[in-house]
Amino acid sequence: MIELKYPFDEKSIRSLKAGDAVSITGVIHTGRDKFHKYFADGGRINVDFKDGALFHCGPVVVKRGGEWKVVAAGPTTSVRENPYEPEFIAKSGVRIIIGKGGMDAATLEAMRKYGAVYVQAVGGAAAVSAASVKRVQGVDFLDEFGAAEACWHFEVEGFRGVVAMDSGGTSLFDRVASSSHKKFLEFYN
Amino acid sequence: MSTVDKILALIRDTSSSLPDDVEKAILKAMRREEKGSSAKMILKTILDNCALARENVTPLCQDTGTLTFFVDSRLRKKVNRKVVSEAARKATEKGYLRKNCIDSVDGRSYDDNVAEGAPVIHYFEPESPDSRPTVTLIMKGGGSENMSRQYSLPDSSLGAGRDLKGVEKCILDAVVKTQGYGCAPGILGVCIGGDRATGYEIAKEQLLRGLADSSKDPRLAKMEKSILKKANSLGIGPMGLGGKTTLLGVKIASRPRVPASFFVTIAYMCWAGRRRTVEI
Ligand code: SF4
């Protein structure tokens, strides 16, 4: 397992290869549909994404004793952000996108150009991902977007995932899909 | 203990604790995956997740799914809709269930997970009058439900005819099409034949069978084994990122059909194959 610590510099991000298992420590920010749309429409964001990480996640967060506590923080399906992500990568300087299911060719190209990777979190593993959030630093757009779509700032420790799209233009999803399809056809020839 | 509390405990345990056989199958699969591989790491994470959820009594997946109860018809009075709804309400309050029920017309949330037809309740006839009456709950998440499919044979695009070879081709095609998107490794429940509606019903019912269970029909038992083996040689792996573990089990049943129809229905269950039975 490769340890990644915030800030994520371009060189170590570019050295990651599709298929690498990683463990992420530092701050990561959540953002989903409303967040992406707002950014694409020219909205201002007071979060520094330079060398940072964006997490496609709709967490369940509750306030206990005046502090935010994460109850569940699994990844959500990333394809919905395809239309926005290349521009977000170009403008924000983000290095790691965390989500589920992968993204399209345009996003892969932006990752190659600007030096970013896509990390697939373990789908459904709500309990461990919540446990890896050590502290909630804060939240933006809570009233505007609602809790599940707000931009949460999580301090994580040992958040596990797999590099599924690297900055060399390789997508593991595409590779596995084509090799498994080939194998399937072989059964019947 | 009141019946409501018994059903509440059933929901709590189903949501927070993966069935033993599924957890053991994941453990076995993890040992088989290569050292340092992403597949091994993912399966290890799933196992850590299950241990943590069990210890903290929290949902093991954030999608607590559709609740489907299979109730012995002798319990029709005791385990009625009112009782099940009350238990679902309490389970939501206690955090065993997430707010997971949306009105399909106006998009509003039923915050207590109770609505017309939710939870789903099926009453079944017991196999023998001497058996102890049971209630079984299955919780199936949306990501996996979205991957369930129905084929109609012959399927010319696949080159699948109206025979067992054609059936097998459909099932494997479903595995290839699904890739990791239903949170693989998964479990398949399959119904050969029937009409469209019973096809899905019977396919889903197969997910109640233990992983060690083989069909009583030797032809189907053979098919279950051969599809499992072939699917796991496709290299799709956990979450579709490659590896030896694409499926944990295949359970097949068949139902008669009318001469004009030949459906093959596949119910896909994710690794979070939550099912549990209690005697009441
Ligand atoms: S597919 Fe299963 S494991 Fe994945 S998010 Fe849905 S319920 Fe959870």
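Strand 6 of chain B, residues 247-255, is mostly covered: seven of its nine residues are buried. The model is predicted. Strand 6 is a good place to start reading it.

## Strand 6 and its sheet

Strand 6 belongs to an open sheet of four strands in chain B, with the order 4-7-5-6 and mixed pairing. Strand 4 (149-152) and strand 6 are the edge strands, so called because each pairs on one side only. From one strand to the next, the twist averages 15°.

Which way do strand 5 and strand 6 of chain B run, parallel or antiparallel? They run parallel, and eight bridges join them. Strand 5 covers residues 186-193 of chain B. Two facing pairs can be picked out here. B:Leu188 stands opposite B:Val250, and B:Val190 stands opposite B:Ile252. Strands of a sheet pair through backbone hydrogen bonds, and this pairing is either parallel or antiparallel.

A helix lies across this sheet. Helix 7 of chain B, residues 196-205, crosses strand 4, strand 5, strand 6 and strand 7. Its angle to strand 7 (263-269) is about 40°.

Now take one residue of strand 6. B:Ala253 sits in this strand. Is B:Ala253 buried or exposed? B:Ala253 counts as buried because its relative accessibility is 9%, and the cut-off for buried is under 20%. Leaving out residues up to four places away in sequence, B:Ala253 touches B:Val190, B:Cys191, B:Ile192, B:Ile202, B:Gln206 and B:Leu220. B:His122 is 131 residues away from B:Ala253 along the chain, and their C-alpha atoms are separated by 19 Å.

## The other sheet

Chain B also has an open sheet of four strands in the order 2-1-3-8, again with mixed pairing. Its edge strands are strand 2 (120-124) and strand 8 (274-279), and each pairs on one side only. Neighbouring strands are turned by 15° against each other on average, with direction ignored.

Inside this sheet, strand 1 (residues 66-72) and strand 3 (residues 134-140) of chain B run antiparallel. Six bridges join them. B:Thr68 stands opposite B:Ile138, which is in strand 3. Helix 1 of chain B, residues 3-16, packs on the sheet and touches strand 1, strand 3 and strand 8. The direction of helix 1 makes about 40° with that of strand 3.

## Cores

Which residues have the most contacts inside the largest nonpolar core? They are A:Phe35, B:Ile26, B:Ile171, B:Leu188, B:Ile252, B:Val264 and B:Trp271. This core has 95 residues. B:Leu188 and B:Ile252 also appeared above, in the facing pairs of strand 5 and strand 6.

A:Phe35 has contacts with A:Ile45, A:Phe49, A:Leu54, A:Phe88, A:Phe141, A:Phe145, A:Glu149 and A:Cys151, leaving aside neighbours within four places in sequence. A second, separate core has 27 residues, among them A:Phe8, A:Ile24, A:Val117 and A:Trp152.

## Open and closed spaces

The second largest pocket has a volume of about 730 Å³. Its lining has 21 residues, and the closest to its centre are B:Phe124, B:Glu127, B:Thr136, B:Glu205 and B:Leu208. Strand 1, strand 3 and strand 8 of chain B each supply at least two residues of this lining. Strand 8 gives the most, with three residues.

How many cavities of 30 Å³ or more does the structure hold? It holds one. The largest cavity contains about 30 Å³ of space. B:Ile187, B:Leu207, B:Met269, B:Gly273 and B:Arg275 line it.

## Backbone details

Four places in chain B have backbone angles to look up. The table lists them.

| Residue | Backbone feature | Place in chain B |
|---|---|---|
| B:Pro119 | cis bond from B:Ala118, omega near -5° | loop between helix 4 (81-93) and strand 2 |
| B:Pro154 | cis bond from B:Leu153, omega near 0° | loop between strand 4 and helix 6 (164-178) |
| B:Gln179 | positive phi of about 45° | loop between helix 6 and strand 5 |
| B:Cys183 | positive phi near 55° | loop between helix 6 and strand 5 |

Neither B:Gln179 nor B:Cys183 is a glycine. B:Gln179 counts as buried because its relative accessibility is 8%. B:Cys183 is buried too, with a relative accessible area of 10%.

Methods. Residues are numbered from 1 along each chain as its sequence is written. Chains are lettered from A and ligands numbered from 1 in the order in which they are written. This is a predicted model: local features need pLDDT of at least 70, side-chain atom pairs count only at pLDDT 80 or more; totals for chains, interfaces and linings use all residues. Side-chain values use heavy atoms; hydrogens and water are left out. A nonpolar core is a set of buried Ala, Val, Leu, Ile, Met, Phe, Trp, Tyr and Cys residues joined through side-chain atoms within 4.5 Å. Buried means under 20% relative accessible area, exposed over 50%, partly exposed in between (1.4 Å probe, protein chains only). Contact means heavy atoms within 4.5 Å. Two strands pair if DSSP finds at least two bridges between them. Axes are lines fitted to C-alpha atoms, for helices over the stretch in contact, and angles run from 0 to 180 degrees between N-to-C directions. On a 1 Å grid over the protein atoms alone, a cavity is a set of points where a 1.4 Å probe fits but cannot get out, and a pocket is an open set with protein on both sides within 12 Å along at least five of seven lines; lining residues have an atom within 4 Å of a point. Grid points are joined across faces, edges and corners, and a volume is the space filled by probe spheres set on the points.
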